Amino acid sequence: MRQTDVRPSPNAVWLRDNCACPQCRDPRNGQKLRSVTDTDPGVRVVELTAAKVVFSDGHVGVPPEVTPYADDRIEDAKDLWARIDPPCGDWAAFETDPAHREFCLDAVLRVGFVLLRGVPDVLTAAAGFGYVRETNYGRLFDVRVEATPVNLAFTGLPITPHTDNPYRDPVPTVQLLHCLSNAVEGGDSGLVDGFHAAALLRAEDPAAFATLTSTPVTFRYADSGAELTATRPMIGLDPRGRIREVRFNNRSLQPVRPEEADAFYPAYRAFAEILYRPELQVTFRLGPGDCVVFDNTRVLHARTGFADTGDRHLQGCYADLDAIASGLAVLRRRPVPGAVDTLRALFAGPGTADYLGEDVTQAVHMLQTAACAKAAGAPPALVAAALLHDVGHFTGEITGHDLMAGTDNRHSHVGADWLGRWFGPAVTEPIRLHVAAKRYLCAVDPAYYEVLSEASKHTLRVQGGPMDAAEVAAFEAEPYGRDAVRLRRWDDEGKDPARPAPAFDDFAPLLASLVER
Ligand code: OGA
Ligand code: ZN
């Protein structure tokens, strides 16, 4: 057999079954036309290259592209957490910006939840993530105090961490809770990563972990119109023993077999004690318009108690993870705009905003700075650095207005880190150091301070004032320190409303030539 370019040596039956030629796989939809029984178990490969495979049954086919699919529901595909800052989304951005939608969907899959602000209603949010799972509670359900509660959620009692509806098979894999009002004292929300807790149990008490992964327990819900039961272990594993699903709900758990109680109770208790550890819980407060979307097979939710007379009203609904994974995969097919297009949009959009107390816009300021660099004969990377030095003002979480109001937005670092996705250090590092360069020049060149604009003098104070001797020595040792000082001087020149600014596209070829990745 001649074999070139194919790694690792594949099994002949596997190759025959996965043959990618148009007779074996319908080119219109990629679906396989063959059944496993169509392959001779004794088939051999006669010839194999990257583009062609000849089999002993006479078929001339095409080797498949090998994509190592993996189960994205198991612990290995997740970022486990204890206390984290909740990933936050914004509904208006979710609707208009595919990148933001991608962030939110990805957060539910990898972190286990996302907290969205400005959501009009729970069904609209559910439609953004997939499809509502209708249940005996309806397409949505109200969570507020009721006179005759069929569920403790409809009282003001505190609720310990739990997953919802473990009595359903299949269990709803996603839950949404949307807040209409929450004007009570208490009624705060908490989330716990059940996968992290299960992994801790496995490490701290392997026998308890073994019991909870192997003892089927029944959960049950009954009211006048429904009677639901499901029987499963509390911690579900995949066939390779990895954590895949957690069901935990003290309210609906039914008695285990009496003969299993001696092993079950210590294990159940050990898991509960981990799940209830305050240091594992993320806590936040839902206000009107907030909606938390979470993986109900992994993340447990809880709330603190509140007075039953107060005004607190949530609406919930269920949905499923498969649609989120699908939506994310489709979103990721979109062509990602390249560096030049993204930067052009930045200059044409947020860049047209005022530049912190100067008489020019952010974009004009950066274009003028680049023009100064070019006129001084700076190398292309330094011209690009001059052109892009302030992008951190509109890519960071904290704005330039916060900087003027006294919070250092570290825009030099934010901008340099952000640009690092495309450009190398000759572009990013002078940008990272351009604020330090101002503090440096103020220390070594007394005349320099006088050149600064009023706004620049103001931000200097917020940024730490002139450098001390040790900082000066450290700055002079920086490989890109000299470039940063040159950039800094052009930066100070590029604030002149009377001077014409070049167009962004004058620099587009230069930028394109510097993109490294
Ligand atoms: C629920 C629930 C939490 C809350 O309805 O499933 O757990 O904050 N509610 O009221
Ligand atoms: Zn609940």
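**Questions about a predicted model**

Biologist: What makes strand E10 a mostly covered strand?

Modeller: In this predicted model, strand E10 spans residues 189-193, and five of its five residues are buried. Ser-189, Leu-191 and Asp-193 point one way from E10, while Gly-190 and Val-192 point the other way, and all are buried.

Biologist: How do you know that E10 pairs with strand E15 and with strand E17?

Modeller: Two strands pair if there are at least two bridges between them. Four bridges join E10 to E15 (residues 281-284), and these strands run antiparallel; in this pairing Ser-189 stands opposite Phe-284 of E15. Five bridges join E10 to E17 (residues 299-303), again with the strands antiparallel, and there Leu-191 has His-301 as its bridge partner. With four bridges to E15 and five to E17, both pairings therefore satisfy the cut-off of at least two.

Biologist: Which residues coordinate the zinc ion (ligand 2), and what makes them donors?

Modeller: The zinc ion (ligand 2) is coordinated by His-162 through NE2, Asp-164 through OD and His-301 through NE2, at 2.1 Å. A donor to this metal has to be an N, O or S atom within 2.8 Å, so these atoms at 2.1 Å count as donors. Along the sequence the donor residues follow the spacing H-x1-D-x136-H, and both His-162 and Asp-164 are buried. Water is not among the atoms, so a site of this kind may look incomplete.

Biologist: How do you know that side chains make polar contacts with ligand 1, and which residues are around this ligand?

Modeller: The residues around ligand 1 are Val-143, Ala-153, His-162, Asp-164, Gln-175, His-301, Arg-303, Arg-312 and Leu-314. A polar side-chain atom lies 3.0 Å from an oxygen atom of ligand 1 in the case of His-162, 2.8 Å in the case of Arg-303, and 3.5 Å in the case of Gln-175. The protein covers 96% of the 290 Å² of accessible area that ligand 1 has on its own. A polar contact needs a pair of N or O atoms within 3.5 Å, so the distance of 2.8 Å for Arg-303 meets that limit.

Biologist: Why is His-434 called buried?

Modeller: His-434, which is found in helix H16 (residues 434-444), counts as buried because its relative accessibility is 1%, and buried means under 20%. The side chain of His-434 also makes a polar contact with the side chain of Asp-390, at 3.3 Å.

Biologist: What sets Asn-165 and the bond between Asp-169 and Pro-170 apart from what most residues and peptide bonds show?

Modeller: Most residues other than glycine have a negative phi, and most peptide bonds are trans. Asn-165, however, has a phi near 55°, a positive value in a residue other than glycine, and the bond that joins Asp-169 and Pro-170 is cis, with omega about 5°. Asn-165 is found in the loop between E8 and E9, and the loop between strand E8 (159-162) and strand E9 (174-182) is also the place of Pro-170. Asn-165 is buried, because its relative accessible area is 3%.

Biologist: In helix H14, which residues are buried, and how do you know on which side they lie?

Modeller: Within H14 (residues 411-419), the buried residues include His-411, Ser-412, Gly-415, Ala-416, Trp-418 and Leu-419. They cover an arc of only 165° around the axis, so they lie on the same side of H14.

Methods:
Residues numbered from 1 in each chain as written. Chains lettered and ligands numbered in written order. Predicted model: local features only at pLDDT ≥ 70, side-chain atom pairs only at ≥ 80, totals over all residues. Heavy atoms only, no water. Buried < 20%, exposed > 50% of the residue type's maximum accessible area, 1.4 Å probe, protein only. Helix = DSSP H or I, 4+ residues; strand = E, 2+ residues; numbered from the N terminus. Arc of directions from axis to C-beta. Donors = N, O, S within 2.8 Å, 3.2 Å for Na, K, Ca; no water. Near = heavy atom within 4 Å. Polar contact = N/O pair within 3.5 Å; in protein donor to acceptor, adjacent residues only side chain to side chain. Areas by Shrake-Rupley, 256 points an atom, 1.4 Å probe, with all protein chains shown as cover.
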